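User: I'd like a close look at a single sheet in this protein. Could you walk me through how its strands are arranged and what sits around them?

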Amino acid sequence: MKDIADEDRTGKESKQREVSVINRLIQELVKQADVLQGKEEVVKENFLLTSLEHRRNKIKEQEWARPETPLTRSFLFTNDKAEASMASELSREILSSDRIDFLVSFIKFSGLTMILPDLRRFTERGGRLRVITTTYMGATDAKAVKVLTELPNTEVRMSHDTDRTRLHAKAYMFHRNSGFSTAYVGSSNLSHAAIADGLEWNMKIAKQDMPEVMRKMEASFEGYWHSPGVNTVHTEDIEALEAEIDAVRNRGKTGSQGRYYFEIKPYTYQQAILDALWAERIDRNHWKNLVVAATGTGKTAISAFDYRSFCERQKKEGKTARLLFVAHRKEILEQSIQCFRQALKNPQFGDLAVGEYKAKRTEHLFISVQTLNSLKLWEKMDPAYYDMIIVDEFHHAAAASYQKLLSYFKPKILLGLTATPECMDGKSILKYFDGHLAAEIRLPDAIEKRLLCPFHYFGVTDAIALTHVKWTNGHYDTEELTRIYALDSYTAEKRAGQILSALDRYTADIRDVKALGFCVSKEHAHFMAEYFEKHNIPSMALDADSKKEERDSACTRLASGELKCLFVVDLFNEGVDIPEVNTVLFLRPTNSMTVFLQQLGRGLRLSKGKDCLTVLDFVAQANTKYDFASRFSSLLGKRHVQISKEIKNKFPHVPKGCSIQLEEIAEKNILDNIRKRLRNSDFYKELVQELYCASDRRVPHVQEFLKAAGIEPEAFYNGKRTFTRLCIDAGIIPPFSDTKDMEKIVTKAMPKIISMDSPKWIRFIQQSLVHGPVPVSAVQKQYMRMWQYTLWMQDYDQAGMKSPWDALTRLSEVKPLAEEVNEVLEMQYGRVDVIPVQEKLPYTCALDVYSTYTRNQILAALGYGKPGSVREGVRYLTSGNSDVVTVGTDVLLITLNKTEKEFSQTTLYEDYAIDKNLFHWQSQNKTRPESATGQRYIHQREKGNIVLLFVRSAKVDVYKRSMPYTFLGAADIASWQGSQPMSIIYKLRHPIPAKYLRETAASGVI
């Protein structure tokens, strides 16, 4: 009917055609059903069917409330006097809905009362109401929340971040089983002013008119609903909520009674770090770990969640979980103990030992390093008394005051927290953690959670070319840079003038600037300060020799605005920590991403009145070995991105709220540099030769080379080269004999080998390459077949081999290639950051949950005869087509983004994670519930069938290679709806790890 009407929306012809179609439909129904014996037909052209109801058990027809605006077409509300008011239209929508979802930043009691009678009628007749809101700025009325929680069939969830919120959306969604769902999205929160008489714009979305938009709203709401930062509010929670809101409104209450009431959960990025920590401990036996994160990004919360998890594990084993938390300042300890109490929901947890605080108990002690030393705690405690020791600001650990703590105590877990992996003297603190960094908080995660300030990065053209500056040991010569930037008066003055011009060009008002300028040397810093002073911009220089009083004074003056620029050198770790900094000037090239991010982090602290950080990075023509790509990868926070493509497309994946802009010549310099590095094999050969000579003629390892080159394994191993061939071409190893074309086979297979991340499978291949054929189990036989398909993409007999072992023995015979494969596998073993789980199935299966596999590897492991023949996303395996499977098994190979383009609004919301336990999957378009396939899906539990989920984000990666799938394990049907296609919600037997959750969630906020 809608299609006919759309052809002729105003003419009489469409009405006649609609009436004709309806009458033919009625005639057909009469033929098919004896109960319909009348000769009814539609004769009125202005007839409109608005509702259907049973007449039985009724003496009067019901009057149905119906929205004045159509259910089939979208409409813009502006609260114009000539149109229906938003409030009245919401009331009508409520009464004709089956389910309702509200998403608003705040709820005022005045707004709720306007629609409350209708909400009460709706929920009392069985309608389900869900509401998401926040306590942001204390704007929500606690009474409004209380009234909502008292309604039947109603659930309210809230974000309790009163200082900042990312949830600014306002949406009202009305779901109808008929398919005529509607939603309102726009500027109106649930307040009288917003829905009654304010100048608000709200778009009504009709599912019949904009199905893709409606699907996106539904999927996004589910993501918000299950977000870790959103908690359910019950009637008994209202008193605590009132206290929380009163505290924000300065009504004299502290809100402390509500502080421990609501359970806090880790954000997804925090959970990813927690997963990585336990992978280090369980998989690699690393019980001393360091977490690096900028100040203000939630390091303490991560340690609290980590301790909570440790407590749960210890409790299961009937063991203690004694805690020692050490920091160097009273303020840190006070904040930390409150964080732990909130995470554990225990207001009595822990004792402070610092300043005036005198601890009475030692089981959970928060102590300053000064108090620890004055008490000589090591003389009073057994070395193994504390099960977990956490040291905050670990970069202080080189100081003498920390040595007794680190040498005497022997905890099961040592966790270090720091903003920098280097000590005050520039030396690495990784020696305390076996040279290993466990995890880092990614920049975009912290910025998008508003833990750090967004940045606006400008790549400014530097007229001083550096192509001829001496390059040694991975960086430019400092003396030459100092000469160019400070001592050569002509070039130094010219460059300083360009810096000053850029500062004026890219800042709103130079009088408001509070800038840090990072310089190459003391001479450079002092020259810049003098130049700016000479041009009436109050400035100062600081270096490692500056006295503490001088540093403190400079920081105070910059924070107050008395100074505009502070030029620093060798002060990455301490001495310059000023949240008010709103501009960062990168005045020196640095090839260290650690240093770059430390310097950037100095300006990312949140501060009142500071909406973003302005970053000016001066880009010169550079040495080919200078690494621009890693710089932008670190800003984007993504490993697998094609930086040249990002630059050309104006950085579409920059963190939310941030921007990256490059001046034309700067952009050209960067792209030229990246092209030369990636395409010029001479660059890699020269680098290998340098590493060879620098290590006393020792052939470098693969990981050493990749780190020195600043290149990801996925970029180097492109299916056209190997490290072995590179070393031969560089003349550091001799050629080898290869009678069976193993080099060609391995070269082509390397992209698949570097996606392997199953620890057990990796170790089996490594051991087999060394020890050769041994008796194998059923699982190991599957490992061998998976390896066969990794290298040859067919079974051993089809590849002309006599035994399944030949795929390994042939490789082991070519020693240089076997060594490279072994090194790559060892690298992959070290990159595992989620503990794999063995799925419990009624048959043997080599596939580990949370590990990554190609399609051929999956089907080879499951015993399917021709893995390469499968093209569709579903394969049903039985004992008839598999020599492994004994129970009917649906293998779902799910590609979230099904188009070649990176985004498709029509396909992105078909398959997605609702939360860590639920996954929404849509069948093939032809599947109907009544079909054999549909019945198999619906009755999975009764039939005892297995469903295995394998998920990847896209068909190909940024390097245009087929992406592997992550195994999410077995799943059971929870609900289904629809036909051609069917939409099914599966309950996973294992929760989706945080690492994968954001990739698979439609909302992007889980």
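Analyst: Sure! Before zooming in, a bit of context: buried residues account for 53% of the 1006 residues in the protein. Keep in mind that this is a predicted model. Across the whole protein there are 36 helices and 34 strands, and we'll pick out one sheet from that set.

The sheet is an open one with 8 strands, and the pairing is mixed. Going across, you meet them in the order β1-β7-β6-β5-β2-β3-β4-β8. At the edges sit β1 (75-77) and β8 (230-233), each of which pairs on one side only. On average, neighbouring strands here are turned by 15° against each other, ignoring direction. As for what links such strands, they pair through backbone hydrogen bonds, in either a parallel or an antiparallel way.

Let's take one pair. Strand β2 (residues 99-103) and strand β3 (residues 128-134) run parallel and are joined by 5 bridges. Here R99 stands opposite R128 in β3.

Now add a helix. Helix α7 (residues 211-225) lies across β2, β3, β4 (154-159), β5 (171-175), β6 (182-186), β7 and β8. Its direction makes an angle of about 70° with β3.

Finally, look at strand β7 (residues 202-206), where you'll find M203. Is M203 buried or partly exposed? M203 counts as partly exposed because its relative accessibility is 31%. On the surface, M203 joins L76, V185 and W201 in a nonpolar patch. Together, these four residues have about 360 Å² of accessible area.

Notes. Residues are numbered from 1 along each chain as its sequence is written. This is a predicted model: local features need pLDDT of at least 70, side-chain atom pairs count only at pLDDT 80 or more; totals for chains, interfaces and linings use all residues. Side-chain values use heavy atoms; hydrogens and water are left out. Helices (H or I, at least four residues) and strands (E, at least two) are DSSP runs, numbered from the N terminus. Buried means under 20% relative accessible area, exposed over 50%, partly exposed in between (1.4 Å probe, protein chains only). Patches are made of residues with over 30% relative accessible area and no salt bridge: like charges are joined within 9 Å, nonpolar side chains (Val, Leu, Ile, Met, Phe, Trp, Tyr) within 5 Å. Accessible areas come from the Shrake-Rupley method with a 1.4 Å probe; for residues, only the protein chains shown count as cover. A salt bridge is a side-chain nitrogen of Lys or Arg within 4 Å of a carboxyl oxygen of Asp or Glu. Two strands pair if DSSP finds at least two bridges between them. Axes are lines fitted to C-alpha atoms, for helices over the stretch in contact, and angles run from 0 to 180 degrees between N-to-C directions. Contact means heavy atoms within 4.5 Å.
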